[in-house]
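Visitor: I would like to know how the labels on a structure are earned. Please show it to me and let me ask.

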Amino acid sequence: QVPPNLHLKSMNPNIDISNFPTNIPTSSVIEWAKAKPVRAGISSFGFSGTNSHVNTEEAPQTPEVAPPSLQPIVWTRRD
């Protein structure tokens with residue numbers, strides 16, 4: 001579940017997010033969307049003023065492939 005943003009009172013009118021595929025939780029707890037791929041933003045704020053921001057996305061699903069059959073490798077030496 002996603003808790004509401006505590007400090008967002010109103011959006012900046014100079015930023016158009018109408019075509020941005022996201023929801024900003026402002027009132028109550030909402031359930032995670034079942035849409036794929038799942039995306040998340042992570043921020044870290046350091047004491048010295050060093051800030052880091054990362055956007056992540058779920059890895060694509062790949063079909064399960066059977067491992068190749070193991071065959072011995074035979075080396076021969078010919079003079």
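Visitor: What share of the contacts in the protein with a separation of 6 or more comes from residues 24 or more positions apart?
Guide: The share is 24%. A contact means heavy atoms within 4.5 Å. The model is a predicted one, where local features need pLDDT of at least 70 and side-chain atom pairs count only at pLDDT 80 or more, while totals for chains, interfaces and linings use all residues. Residues are numbered from 1 along each chain as its sequence is written, and side-chain values use heavy atoms, with hydrogens and water left out.

Visitor: How many helices and strands does the protein have?
Guide: Zero helices and two strands. Both kinds are DSSP runs numbered from the N terminus: a helix is H or I with at least four residues, a strand is E with at least two.

Visitor: What makes strand 1 and strand 2 a pair?
Guide: Pairing requires that DSSP finds at least two bridges between two strands. Strand 1 and strand 2 (residues 51-57) have seven bridges, in the antiparallel sense, so by the definition they pair. Among the partners, Arg39 is bridged to Glu57, and Gly41 stands opposite Asn55. The hairpin of these strands has five residues between them, and there Gly49 takes a positive phi near 100 degrees.

Visitor: Why is the contact of Glu57 and Arg39 called a salt bridge?
Guide: The term asks for a side-chain nitrogen of Lys or Arg within 4 Å of a carboxyl oxygen of Asp or Glu. For the side chains of Glu57 and Arg39 the N to O value is 2.8 Å, so the definition is met. Glu57 lies in strand 2 and Arg39 in strand 1, so the salt bridge ties together parts that are 18 residues apart in sequence. By this rule the count is one salt bridge.

Visitor: What part of the protein counts as buried?
Guide: Of its 79 residues, 3% do. Buried means under 20% relative accessible area, with a 1.4 Å probe and protein chains only.

Terms used:
Buried means under 20% relative accessible area, exposed over 50%, partly exposed in between (1.4 Å probe, protein chains only).
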